[in-house]
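User: Hi! I'm new to reading protein structures. Could you walk me through this one with a few questions and answers?

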Amino acid sequence: MADRSPSLPIHTYHCLCTTLVLTTAHDLNSLPRRSEPVQDGALILAPPVDITRAETLETQGSESAGSVLLNVAFERRPVMIRREDGFEKRTLLRCVRCKLVIGYNLDEGHFEKQEGDPRPVYLLPGGLLSTQDMVEGKQPDAPLWAEQK
């Protein structure tokens, strides 16, 4: 049997409808947020693992295997968001069960990336509930942005 390094704690998060959507080695409270002039305060999640590819988490290494998105889908058509400093092209990420928008990707022109690197995912605050909070029976109110369709 191969020598394994100590395992990282795994945090799990659910959509407000209780569908599991994220497993990660990161506590969401420790993630950086988008700064001004962006006003949504979205959390910046390093590019998650694409579980549809043939690679397994063990072969990808601990650094790149930090997060896995489940039961979510990106919309086919991007939306344009008006900001104080111009426009931003976003591809929305929705829960496949209830269709709540939980995050988005940005068009490649909005950030620096290396060739072949996946884009980070921006998670909207208030759209996810930790498994621990669910076990404790916490029922968060839907954020104001979730009520707008």
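User: Let's start with the strand pairs. Which residue in β2 stands opposite T12?
Analyst: Keep in mind that this is a predicted model. Strands β1 (residues 11–15) and β2 (residues 20–24) run antiparallel, and 4 bridges join them. Across from T12, in β2, you'll find T23.

User: In what order do the 4 strands of the open sheet come?
Analyst: Start from the outside: β4 (67–69) and β10 (128–130) are the edge strands, so each pairs on one side only. The pairing in this sheet is antiparallel. Reading across, the order is β4-β2-β1-β10.

User: How many residues are in the largest nonpolar core?
Analyst: Several elements give two or more residues to this core, including β1, β2 and β7 (86–95). L22 is one of the residues with the most contacts inside it, and L22 touches L28, L45, L123 and L128, among others. The core's size comes to 18 residues.

User: Is R90 buried or exposed?
Analyst: Buried means under 20% relative accessible area. R90 comes in at 9%, so it falls below that cut-off and counts as buried.

User: How many residues apart in sequence are the parts that R90 and D40 tie together?
Analyst: Side chains of opposite charge can pair when their charged atoms come close. Here R90 and D40 meet in a salt bridge, 3.1 Å from N to O. R90 lies in strand β7, while D40 sits in the loop between β2 and β3, so the pair links parts whose separation in sequence is 50 residues.

Conventions
Residues numbered from 1 in each chain as written. Predicted model: local features only at pLDDT ≥ 70, side-chain atom pairs only at ≥ 80, totals over all residues. Heavy atoms only, no water. Pairing = 2+ DSSP bridges. Core = buried A, V, L, I, M, F, W, Y, C linked by side-chain atoms within 4.5 Å. Buried < 20%, exposed > 50% of the residue type's maximum accessible area, 1.4 Å probe, protein only. Contact = heavy atoms within 4.5 Å. Salt bridge = Lys/Arg side-chain N within 4 Å of Asp/Glu carboxyl O. Lists of a residue's contacts leave out its neighbours within four places in sequence.
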